[in-house]
Amino acid sequence: MDGHAQGPWPCFLHVGLVRHAICLVFVSSQSPRSTRNTRIERLWVEVGTQFARRWRGFFTRLGRLHRLDRKNPGHLWLLHLLFLAEINDDCVEFQEEWNVHPLRGRMTSDQSPADIRFLGQLTEGVYRHDPLDGIHPDAINRYYGVQGPRLRRSRNQTGAGITSDDETEEDDGDGDTEPNFEEELENQIQADLAQNIRDEPVKVANHRSPFKNPELEAHFLGRLEELLADPSILPEDYGVLEDEWEAEDYPEIEAFRPGKTGKELTVILPRVHWFPRAIR
């Protein structure tokens, strides 16, 4: 993954942003798009081509060949149980590879994001406990700045000739409290981002456990662990037996459409990696 320092990429990449991007690749009803945030758009593409599209193609295959019901909360719960850790591992691997790849550009001299971060910490120092760690510098400058929180004045008070030590009479309002600085900051950020959102929020699918008590769930997980330890035990009528395959061999290509009108995408799912996951 080669990159340009002068392009609209984030420099040092945090794994939380990668997880955000893979969620958008999975649930987007159409090709990911925004109005001006080109950083996340490029990250969507990279995360998708590097690993997220293969996972989506795999889950499409589970529904097409192996009787996965994406509307069944129990099935989604099982997907989380079986594959969420591996998806997180792919996110971390992508993050680590991005942070050590060289950035081409006049100001970077082929240094990696990790190099730039380390040299910055070496020359400027490191906060021992930085509450803003992981927040993009542009957001810090915009919403925190150097002026401090906005001053609040009582009704009919202009601020002219009145110091912060002057006492003012409390306003006899209707009892409603004004938002504090943190709440006001959250409201401001939400209002600023609203203009860049075109689509309705995606409803999170229900993925609750199908078991009514912890004892039944623990019994199921114990039996599942025993079955997974013996790959020769395969169920019938789930498309995992050789005589149930559509062709002579297990398919290694899967196609899916990212939305109702999106262009069909094709991904390669090598049998050596993906068939063992299908028979779990």
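# Helices, rings and a nonpolar core

At 29% relative accessibility, Gln50 counts as partly exposed (buried is under 20% relative accessible area, exposed over 50%, and partly exposed in between, with a 1.4 Å probe and protein chains only). Gln50 belongs to a predicted model, where local features need pLDDT of at least 70, side-chain atom pairs count only at pLDDT 80 or more, and totals for chains, interfaces and linings use all residues. Residues are numbered from 1 along each chain as its sequence is written, and side-chain values use heavy atoms, leaving out hydrogens and water.

**The overall layout**

- You'll find 8 helices and 4 strands in this chain (DSSP runs numbered from the N terminus: H or I with at least four residues for helices, E with at least two for strands).
- Walk along the sequence and you pass them in the pattern β-α-α-α-β-α-α-α-α-β-β-α.
- The chain has 280 residues, and 24% of them are buried.

**Two neighbours in helix α2**

- Helix α2 is a good place to start, since this is where Gln50 sits.
- Buried or exposed: which is Phe51? At 5% relative accessibility, Phe51 counts as buried, and its place is also in helix α2.
- Each of these residues comes with a partner some way along the chain. Gln50 and Asp90 are 40 residues apart in sequence, and 9.2 Å separates their C-alpha atoms.
- For Phe51 the partner is Cys91: they too are 40 residues apart along the chain, with 8.5 Å between the C-alpha atoms.

**Aromatic rings around Trp55**

- The model holds 15 aromatic pairs (rings of Phe, Tyr and Trp, using its six-membered ring, with centres within 6.5 Å; planes under 30 degrees apart are stacked, over 60 edge-to-face and the rest tilted).
- Take Trp55 and Phe83: their ring centres are 5.9 Å apart and their planes meet at 55°, so this pair is tilted.
- Why does this pair tie together parts that are 28 residues apart in sequence? Trp55 lies in helix α2 (residues 38-65), whereas Phe83 lies in helix α3 (residues 73-100).
- Neither ring is out in the open: Trp55 and Phe83 are both buried.
- Trp55 also pairs with Trp274. Here the centres are 5.0 Å apart and the planes are at 80°, so the pair is edge-to-face.
- This second pair spans a long stretch of sequence: Trp55 is in helix α2 and Trp274 is in helix α8 (residues 271-278), so the pair ties together parts that are 219 residues apart.
- Trp274, just like Trp55, is buried.
- Zoom out a little and ring pairs join Trp55, Phe58, Phe59, Phe83 and Trp274 into one cluster.

**The largest nonpolar core**

- How many residues does the largest nonpolar core have? The count is 25 (a core is a set of buried Ala, Val, Leu, Ile, Met, Phe, Trp, Tyr and Cys residues joined through side-chain atoms within 4.5 Å).
- Some names from the ring cluster turn up again: the residues with the most contacts inside this core are Trp55, Phe58, Phe59, Leu62, Leu79 and Phe83.
- Helices α2, α3 and α8 are the elements that give two or more residues to this core.
- Of these, α2 gives the most, with 8 residues.
- For background, nonpolar side chains tend to be buried together in soluble globular proteins.

**Two loop residues with positive phi**

- Most residues other than glycine have a negative phi, which makes the next two worth a look.
- Arg67 isn't a glycine, yet its phi is positive, near 65°. To find Arg67, look in the loop between α2 and α3.
- Asp237 is the other case: it is not a glycine either, and its phi is positive at about 65°.
- Where does Asp237 lie? Asp237 is in the loop between α7 and β3 (253-256).
- Unlike the buried rings of Trp55 and Phe83, Asp237 counts as exposed, with 56% relative accessibility.
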